[in-house]
Amino acid sequence: MHETPATTLSRRLLLRLAGLGSVGAAALAASRARGAVQGYGGHAGGHVDGQADRHGGHLAGAVGRVTSLDPDPSVYLRSFNFSHLPPNERARFYRETPIAGPPEGKLLREYEIYAVDREIEIAPGVFFPAWTYNGQVPGPTLRATEGDRVRVRFLNQGSHPHTIHFHGWHPPQMDGSMPEHQVQPGDEFVYEFDAEPFGLHLYHCHAVPLKRHIHKGLYGTFIVDPPGGRPPADELVMVMNAFDTNFDADNEVYAVNTVAHHHLHAPVEVRVGELVRIYVVNVTEFDLLNSFHLHGMFFDVFRTGTRLETSETTDTLMLCQGERAILETRFRYPGRFMFHAHQSEFAELGWMGLFEAVEVRRDT
Ligand SMILES: [Cu+2]
């Protein structure tokens, strides 16, 4: 890779001193942009807005909070098939209809996904000119059961040609990858296929240049549940992503679910003893690898989610771009547990958060 002390320094300087180089950042008060993403390794002072001290200086992470949480990463975490929307609004984007058997129980799942250019705030004061599915990065999490029929009406309301390329079995004309598959601005296309195999998949734009179209924000999670489902659990979606704010083919901001250090400020609340299932997808562009490390405990790994038996029990998982894995664990102790990329640089640049495990009183 091209990582040298000089480039590392320039990335830090970009973040800490130069207003982060993003479109829109120039409009920010310099004092707010300065030091927006700080390392967690010893910076105790210099908070610019006075609200970042709650977790102690060594854990400050990003200073301040983003001004708009739309969608809120804490909501995105547990939203499946637009479940965060009120029913009448949800029906615009997602409908399910039983398919006559045999076999019984299959559903036709219909989605409306649109591409739209939208500026998003990825760290306090750091705005990124994203290309999005349905105005959000990552795009909405789609979820079906193996054997269901999936029909996605895709409308390109963006300024460039886009597609949706799904991972999973499908005929070639549904692949969204070839020149003839490009959906021009103002046009639409309907993707239709059976949901298989069960597992944790993703979808993303496959227009060229591919790295630019993915990194701009056109990706999301596609979960296919096994026919019998998985054991009940508290389920979370975490997409490891990053942003090249100055378009030098190197990332300045890292996160899960877009907003740097969001879960340092808003820890992910989980219950002691309850099964927690994390759907981890790596879409990070420009870096060969990303990773997920959880403190104080271990988790079972189901790579690509295509088997029901764990293949590995560890506390650190490494994923290439496009790779994903389902993690399962139970918090044994109450309290705060850090999770982050084990690439320290990614952690310092935003990819770090906290779980807060709480005891739940069970009245018997
Ligand atoms: Cu695209």
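Which residues are linked with Glu-110 in a network of salt bridges? They are Arg-149, Arg-151, Glu-192 and Asp-194. The model described here is predicted. The structure holds 17 salt bridges and 22 aromatic pairs, and a copper ion has three named protein donors: His-162, Cys-205 and His-213.

**Copper site**

- The copper ion is held by ND1 of His-162, SG of Cys-205 and ND1 of His-213, at 2.0 to 2.1 Å.
- Along the chain, these donors follow the spacing H-x42-C-x7-H.
- His-162 and Cys-205 come from distant parts of the chain, 43 residues apart. His-162 is in the loop between strand S5 (149-156) and strand S6 (165-166), while Cys-205 is in the loop between strand S8 (199-204) and helix H5 (210-215).
- His-162 has a relative accessible area of 0% and is therefore buried.
- Cys-205 also counts as buried, because its relative accessibility is 0% and the limit for the term is under 20%.

**Glu-235 and its surroundings**

- Glu-235 belongs to strand S10, which spans residues 234-243. With a relative accessible area of 13%, Glu-235 is buried.
- A salt bridge connects Glu-235 to Arg-277, with the closest N and O atoms 2.7 Å apart. This pair links strand S10 to strand S13 (residues 275-282), across 42 residues of the chain. Both partners, Arg-277 and Glu-235, are buried.
- The side chain of Glu-235 also makes a polar contact of 2.8 Å with the side chain of Tyr-279.
- Leaving aside residues up to four places away in sequence, Glu-235 touches Leu-77, Arg-78, Phe-80, Arg-143, Arg-277 and Tyr-279.
- Two of these neighbours, Arg-143 and Phe-80, are themselves paired: Arg-143 lies over the face of Phe-80, at 4.7 Å from the ring centre.

**Other salt bridges**

- Glu-96 and Arg-109 meet through their side chains in a salt bridge (3.5 Å, N to O). Glu-96 is in strand S1 (residues 94-98) and Arg-109 in strand S2 (residues 107-123), so the bridge ties together parts 13 residues apart in sequence.
- The two partners sit in unlike surroundings: Glu-96 is partly exposed at 45% relative accessibility, whereas Arg-109 is buried at 9%.
- Glu-356 and Arg-336 form a salt bridge of 3.0 Å, N to O. The pair links strand S20 (residues 352-358), which holds Glu-356, with strand S19 (residues 335-340), which holds Arg-336; the two residues are 20 apart.
- Glu-356 is partly exposed, with a relative accessible area of 24%, and Arg-336 is partly exposed at 44%.

**Aromatic residues**

- Among the aromatic pairs are Phe-82 and Phe-93, whose ring centres are 5.3 Å apart and whose planes meet at 15°, so the pair is stacked. Phe-82 is in the loop between helix H3 (73-76) and helix H4 (87-93), and Phe-93 is in helix H4, 11 residues apart. Both Phe-82 and Phe-93 are buried.
- Phe-331 and Phe-337 have ring centres 5.5 Å apart and planes at 65°, so this pair is edge-to-face. Phe-331 is buried at 1% relative accessible area, and Phe-337 is buried at 10%.
- One aromatic cluster is formed by Tyr-133, Phe-154, Phe-166, Phe-189, Tyr-191, Phe-193, Tyr-203 and Phe-222.
- Lys-216 lies over the face of Phe-128, at 5.7 Å from the ring centre.

Key. Residues numbered from 1 in each chain as written. Predicted model: local features only at pLDDT ≥ 70, side-chain atom pairs only at ≥ 80, totals over all residues. Heavy atoms only, no water. Helix = DSSP H or I, 4+ residues; strand = E, 2+ residues; numbered from the N terminus. Buried < 20%, exposed > 50% of the residue type's maximum accessible area, 1.4 Å probe, protein only. Polar contact = N/O pair within 3.5 Å; in protein donor to acceptor, adjacent residues only side chain to side chain. Contact = heavy atoms within 4.5 Å. Phe/Tyr/Trp six-rings, centres within 6.5 Å; stacked < 30°, edge-to-face > 60°. Lys NZ or Arg CZ within 6 Å of the ring centre and 35° of its normal. Donors = N, O, S within 2.8 Å, 3.2 Å for Na, K, Ca; no water. Salt bridge = Lys/Arg side-chain N within 4 Å of Asp/Glu carboxyl O.
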